[in-house]
Amino acid sequence: MPADEQSRDIPIAAGPAIILVEPQLGENIGMVARAMANFGLAELRLVNPRDGWPSEKARAAASRADHIIDAVRVFDDLASAVSDLNFIFATTARERDGFKAVRGPVEAGRALRTRQRAGLRTGILFGRERFGLYNEEVGLADEIVTFPVDPGFSSLNIAQAVLLMSYEWMKSGLEDETQTNFSGPELVPATKEQLHSLFTYLEGALEARGYFRPEGKKPKMVDNLRAVLTRAGFAEPELKVLRGIISSLDRFSPAMPRGDGSPGDDPRRLPAAAARARKAEAGQAPNANGDDNDAPLGGKGTDND
């Protein structure tokens with residue numbers, strides 16, 4: 001279908017037109033359309049595509065960016081493809097002769113946004129997969145944009161190049177260039193009272209297990225522990241998580257891991273509890289250690305070991 005029959009009114013807000021010069025593979029065209037859709041670009045122009053148009057391979061590779069594929073405009077030559085545009089960037093990975101200004105992608109994205117807001121129509125030229133743009137094609141552009149790639153491996157897939165410029169276009173329209181589509185939860189920092197309460201609880205749990213050894217080093221060990229916990233800047237929910245962890249370690253033993261039920265349900269304790277009840281009824285006292293003489297498993301009937 002001739003280009004004039006495919007033309008449509010593209011709103012200026014849609015951003016710069018992406019112009020592919022003699023693209024070779026339908027799959028690459030489809031991936032370009034997908035990259036454009038990711039970052040809000042809508043107008044794709046093709047100059048003399050090698051395998052013709054339309055292309056089912058392009059539609060399949062576009063991954064549901066059908067609105068771009070359906071609106072593609074095809075031109076016989078580059079001059080016709082850019083005739084209605086006010087400003088054009090040409091992408092290239094190598095230095096060119098001439099007097100054109102050369103921009104990086106960040107600066108180029110901002111320049112395109114400024115012109116778009118001024119009501120100008122803009123475009124970005126991308127060359128062939130194998131060797132890019134001819135010098136005379138670059139000559140039709142106003143300025144050059146190049147990417148800071150490794151000079152030893154500077155070739156980009158055409159869809160990758162389009163993705164980079166589409167991203168810079170989108171980013172240039174944000175009030176804050178570090179803005180994201182979603183954010184993490186807003187956590188209120190814990191109060192010092194909550195933090196000191198955790199210190200006290202943790203210190204007590206560690207003291208009960210003989211952590212502070214030798215005794216003379218305890219003050220320094222406590223200082224180090226508090227330094228570690230205060231540097232992180234915990235929020236209140238985070239302190240609750242830590243306190244729950246400490247509580248679990250304080251309450252459960254390796255012999256009775258969490259998930260096996262409450263220590264009160266320890267099957268080793270139930271026979272001992274029943275024995276104590278029987279002895280209490282019979283008026284017998286526990287042994288000198290405060291434990292039952294018939295404690296199970298040959299031990300003291302506790303789970304603290």
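**A walk through a predicted model**

Let me begin with one residue, Q24, which is buried, with a relative accessible area of 15%. Please keep in mind that what we are looking at is a predicted model. Q24 has its place in the loop between β1, residues 17-21, and α2, residues 26-38, and if we set aside residues up to four places away in sequence, Q24 touches R50, D51, E129 and R130. The word "buried" fits Q24 because its 15% falls under the 20% cut-off for that class.

Now let us step back to the whole chain. The protein chain has 12 helices and 7 strands, and of its 305 residues, 37% are buried. If you take the contacts between residues at least 6 apart in sequence, 78% of them join residues at least 24 apart. The accessible surface of the chain comes to about 18400 Å², and 52% of that surface belongs to carbon and sulfur atoms.

One example from a strand is V102, which lies in β5, residues 102-103. V102 and D142 are 40 residues apart along the chain, and their C-alpha atoms are separated by 9.8 Å. Leaving aside neighbours within four places in sequence, V102 is in contact with I144 and T146.

Next, the helices. Two packed helices are described by the angle between their axes and the distance between the axes. How do α2 and α8 cross, and at roughly what angle? Their axes come within 8 Å and cross at roughly 15°, which makes α2 roughly parallel to α8, and the crossing is right-handed. On the α2 side the contact is made by N28, M31, V32, A35, M36 and N38, and on the α8 side by I158, A159, V162, L163 and S166. Sorted by character, the residues of this contact are 8 nonpolar and 3 polar, with no charged ones.

Helix α8, residues 158-172, also meets helix α6, residues 105-117, and there the axes come within 8 Å and cross at roughly 55°. These two helices are therefore oblique to each other, and their crossing is right-handed. Among the residues of α6 that make the contact are P105, V106, L112 and R117, while those of α8 include M165, W169 and K171. This contact of α6 with α8 divides into 7 nonpolar, 3 polar and 5 charged residues.

I would like to finish with the backbone. Most residues other than glycine have a negative phi, and most peptide bonds are trans. Which peptide bonds, then, are cis here? One is the bond from W53 to P54, with omega near 10°, and P54 is found in the loop between β2, residues 44-47, and α3, residues 56-61. Another is the bond from R213 to P214, with omega near -5°, and P214 lies in the loop between α9, residues 192-208, and α10, residues 218-231.

As for phi, S63 has a positive value of about 50° although it is not a glycine, and R64, also a residue other than glycine, has a phi near 75°. S63 sits in the loop between α3 and α4, residues 66-70, and R64 is found in the loop between α3 and α4 as well. Are these residues exposed or partly exposed? At 29% relative accessibility, S63 counts as partly exposed, whereas R64, at 73%, counts as exposed.

How values were computed. Residues are numbered from 1 along each chain as its sequence is written. This is a predicted model: local features need pLDDT of at least 70, side-chain atom pairs count only at pLDDT 80 or more; totals for chains, interfaces and linings use all residues. Side-chain values use heavy atoms; hydrogens and water are left out. Helices (H or I, at least four residues) and strands (E, at least two) are DSSP runs, numbered from the N terminus. Buried means under 20% relative accessible area, exposed over 50%, partly exposed in between (1.4 Å probe, protein chains only). Contact means heavy atoms within 4.5 Å. Accessible areas come from the Shrake-Rupley method with a 1.4 Å probe; for residues, only the protein chains shown count as cover. Axes are lines fitted to C-alpha atoms, for helices over the stretch in contact, and angles run from 0 to 180 degrees between N-to-C directions. Angles under 35 degrees count as roughly parallel, over 145 as roughly antiparallel, 65 to 115 as roughly perpendicular and the rest as oblique. A crossing is left-handed if the near helix is turned anticlockwise from the far one by less than a right angle, and right-handed if clockwise. Ala, Val, Leu, Ile, Met, Phe, Trp, Tyr, Cys and Pro count as nonpolar, Asp, Glu, Lys and Arg as charged, and the others, Gly among them, as polar.
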